[in-house]
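Good morning, and thank you for coming. I would like to walk you through one protein structure, step by step.

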Amino acid sequence: MKKKLQKVRGVLSIMKDFNMKPNFSELERMYGIDRHTIKKYYENGGIPERKKFKKVSKWDPLYDVIISLADVPGSYLMSIFQVLNYEYNGNLPGNYNSFKAYAYRRGIKCTPADQTPHVYYETEPGEQLQCDWLCKDSHNQSSCASSPIPV
């Protein structure tokens, strides 16, 4: 089909260069393409541009909120969706999959968390207590004792 269209466009461009009006019905019989399509190609000088409409998403009213949540370091799309779900009491315009597709279409990227390595501890160093359980008999736990070892 594409080769036929290329041939028709070539014939039409030659006819247009010589200021000849083509017989659309004859070209239809020759190439097997509808005469209305051939006429449309002739009048537009090739394949016409399709009209593009900007589709409005149901998520568009929440765009600013989504961007502000995505700027928080360490956020993920799932966490943003859950925050929105909590704030709007579950009255969101779609489910998580539609939200994820919307984010990818709009180019919304979450800010990654700070990845610098650090030591994690809950108490200050030197205040931790380590307990080792000493058991002589694994079946009899009454003879087990703990001995705290300071660190």
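I shall begin with the overall layout and then turn to the interior, the loops and the charged pairs.

Please keep in mind that this is a predicted model. The protein chain contains six helices and two strands. If we follow the sequence from start to end, the pattern reads α-α-α-α-α-α-β-β. The protein chain has 151 residues, and 20% of them count as buried. Its accessible surface is about 12,500 Å², and carbon and sulfur atoms make up 53% of that surface. Let us also consider contacts between residues with a separation of 6 or more: 48% of these join residues 24 or more positions apart.

We now move to the interior. Which residues have the most contacts inside the largest nonpolar core? They are Trp59, Ile66, Ile80, Leu84, Leu92, Phe99 and Ile108, in a core of 14 residues. At least two residues of this core come from each of helix 4 (63–70), helix 5 (77–87) and helix 6 (96–106). Helix 5 gives the largest share, namely four residues. A second core, separate from this one, has ten residues, and Val8, Leu27, Ile33 and Ile38 are among them.

Leucine 84 shows what the surroundings of a core residue look like. If we set aside its neighbours within four places in sequence, leucine 84 is in contact with Trp59, Val65, Ile66, Leu69, Leu92 and Phe99.

Leucine 5 is a further example of a residue in the interior. This residue is found in helix 1. Is leucine 5 buried or exposed? Its relative accessible area is 16%, and the limit for a buried residue is under 20%, so leucine 5 counts as buried. Beyond residues up to four places away in sequence, leucine 5 touches Ile33 and Tyr41. Leucine 5 and isoleucine 33 stand 28 residues apart in sequence, while their C-alpha atoms are 8.0 Å apart in space.

Next, I turn to a loop residue. Serine 75 is placed in the loop between helix 4 and helix 5. With a relative accessible area of 11%, serine 75 is buried. What does its side chain reach at 3.4 Å? It reaches the backbone oxygen of leucine 69. A polar atom of the same serine 75 side chain also lies 3.4 Å from the backbone oxygen of alanine 70. Not counting residues up to four places away in sequence, serine 75 touches Leu69, Ala70, Ile80, Cys110 and Thr111.

Two asparagines deserve a word on backbone angles. As background, most residues other than glycine have a negative phi. Asparagine 19 has a phi near 55 degrees, which is positive. Asparagine 19 sits in the loop between helix 1 and helix 2, and at 70% relative accessibility it counts as exposed. Asparagine 89 has a positive phi of about 50 degrees. Asparagine 89 belongs to the loop between helix 5 and helix 6, and it too counts as exposed, at 66% relative accessibility.

We remain at the surface for a moment. Ile14, Phe18 and Met20 make a nonpolar surface patch of about 330 Å². Methionine 20 lies in the loop between helix 1 (2–17) and helix 2 (24–31). Methionine 20 is partly exposed, with a relative accessible area of 42%.

Finally, we come to the charged pairs. How many salt bridges does the structure hold? There are three.

In one of them, the side chains of arginine 29 and glutamate 26 meet at 2.8 Å, N to O. Both residues lie in helix 2, three residues apart, which is about one turn of the helix. Arginine 29 is exposed at 62% relative accessibility, whereas glutamate 26 is partly exposed at 34%.

Another joins lysine 39 and glutamate 43, whose closest N and O atoms are 3.8 Å apart. Why are these two separated by about one helical turn? It is because they are four residues apart in helix 3 (residues 35–44).

There is also a salt bridge between the side chains of aspartate 60 and arginine 106, at 3.1 Å, N to O. This pair links distant parts of the chain, 46 residues apart: aspartate 60 is in the loop between helix 3 and helix 4, and arginine 106 is in helix 6. Aspartate 60 is partly exposed at 24% relative accessible area, and arginine 106 is partly exposed at 31%.

Thank you for your attention.

Note on methods:
Residues are numbered from 1 along each chain as its sequence is written. This is a predicted model: local features need pLDDT of at least 70, side-chain atom pairs count only at pLDDT 80 or more; totals for chains, interfaces and linings use all residues. Side-chain values use heavy atoms; hydrogens and water are left out. A nonpolar core is a set of buried Ala, Val, Leu, Ile, Met, Phe, Trp, Tyr and Cys residues joined through side-chain atoms within 4.5 Å. Buried means under 20% relative accessible area, exposed over 50%, partly exposed in between (1.4 Å probe, protein chains only). Contact means heavy atoms within 4.5 Å. Patches are made of residues with over 30% relative accessible area and no salt bridge: like charges are joined within 9 Å, nonpolar side chains (Val, Leu, Ile, Met, Phe, Trp, Tyr) within 5 Å. Accessible areas come from the Shrake-Rupley method with a 1.4 Å probe; for residues, only the protein chains shown count as cover. A salt bridge is a side-chain nitrogen of Lys or Arg within 4 Å of a carboxyl oxygen of Asp or Glu. A polar contact is a pair of N or O atoms within 3.5 Å; within protein, one must be able to donate a hydrogen and the other to accept it, and residues adjacent in sequence count only if both atoms are side-chain atoms.
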